[in-house]
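Here are some short exercises to work through with the model open beside you. Try each task before reading its solution.

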Amino acid sequence: MRVSRFDGADFANIEPIQITPDLTESLGGGYRCIRGEFVTFLKQGRIKREIESELCRCWGLTHNGKLAGYITLLTDKLTLDYERLAEENIRYTTYPAVKIGLLCADERAKGAGRRLVDWALFYVATEVVQKIGVRFITVDAFYDLDKPHYDASGFYERLGFEFVDPDEPVPPAVPYRSMFFDLMPLIAHFKNAVIQEEAST
């Protein structure tokens with residue numbers, strides 16, 4: 001019986017590692033993705049160049065030294081056509097955000113994509129917000145009508161992301177649907193957890 005390179009891997013319990021420019025050259029062997037361009041981004045140097053140019057940071061999941069998936073994060077802004085935070089007396093329609101630039105999981109690594117997004121939400125809500133103001137995570141969820149049809153928005157919607165334009169016609173005019181995640185509930189949850197832990201000691 002053929003054994004997959006990720007048999008036995010529990011990605012929910014694997015901590016992502018930061019991928020440096022050097023690692024982008026050594027981790028791509030045997031990596032497979034439904035969208036071949038995401039493999040190309042890694043193997044032909046796009047991610048390496050963007051890291052070196054301080055345009056993004058990249059993290060990956062590995063199992064037995066093999067890359068199971070990667071995610072890039074960069075700065076962004078979320079612009080809406082309404083005052084999302086009006087109840088907090090914030091009268092803006094543009095807000096600071098961190099963007100998921102690229103997310104790709106090996107097609108054999110079940111759960112790797114979910115783990116990377118969950119980790120990114122936790123990382124930004126617990127660490128990044130301690131250093132800079134950021135309220136939202138954004139993503140341009142890939143949408144492609146070519147065969148095979150590919151729509152990543154459902155994946156993000158299941159994780160709690162909302163559409164920037166819920167009334168956008170489908171298929172969209174561009175090959176993606178812009179989405180966002182409000183970090184405040186997570187931020188409040190983690191702050192309360194710290195307060196409770198300190199109170200119990």
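**Exercise 1.** Is T201 buried or exposed?

*Solution.* Before starting, note that this is a predicted model: local features need pLDDT of at least 70, side-chain atom pairs count only at pLDDT 80 or more, and totals for chains, interfaces and linings use all residues. Residues are numbered from 1 along each chain as its sequence is written, and side-chain values use heavy atoms, with hydrogens and water left out.
- Step 1: take the cut-offs, with a 1.4 Å probe and protein chains only: buried is under 20% relative accessible area, exposed is over 50%, and partly exposed is in between.
- Step 2: T201 has a relative accessible area of 80%, so this residue is exposed.
- Step 3: find T201 in the segment after α6 (184–199); helices here are DSSP runs of H or I with at least four residues, numbered from the N terminus.
- Step 4: T79 is 122 residues away from T201 along the chain, and their C-alpha atoms are separated by 42 Å.

**Exercise 2.** Describe the ring pair formed by W119 and Y123.

*Solution.*
- Step 1: rings of Phe, Tyr and Trp (its six-membered ring) pair if their centres lie within 6.5 Å; planes under 30 degrees apart are stacked, over 60 edge-to-face, and the rest tilted. This rule gives 14 aromatic pairs.
- Step 2: W119 and Y123 are stacked, with 5.0 Å from centre to centre and 10 degrees between the planes.
- Step 3: the two residues are 4 apart in helix α4 (residues 112–126), so about one helical turn separates them.
- Step 4: W119 is buried, at a relative accessible area of 7%.

**Exercise 3.** Classify the pair F142 and Y150, then place these rings in their cluster.

*Solution.*
- Step 1: F142 and Y150 are tilted, at 5.8 Å centre to centre and 55 degrees between the planes.
- Step 2: both are partly exposed, F142 with a relative accessible area of 22% and Y150 with 27%.
- Step 3: ring pairs join F38, F41, F142 and Y150 in a cluster.
- Step 4: R46 lies over the face of F41, 4.2 Å from the ring centre (the rule asks for NZ of Lys or CZ of Arg within 6 Å of the ring centre and within 35 degrees of the ring normal).

**Exercise 4.** Which side chain makes a polar contact with that of R115?

*Solution.*
- Step 1: R115 lies in helix α4 and counts as buried, at 15% relative accessibility.
- Step 2: the partner is E15, with a polar contact of 3.1 Å between the side chains (N or O atoms within 3.5 Å; within protein, one must be able to donate a hydrogen and the other to accept it, and residues adjacent in sequence count only if both atoms are side-chain atoms).
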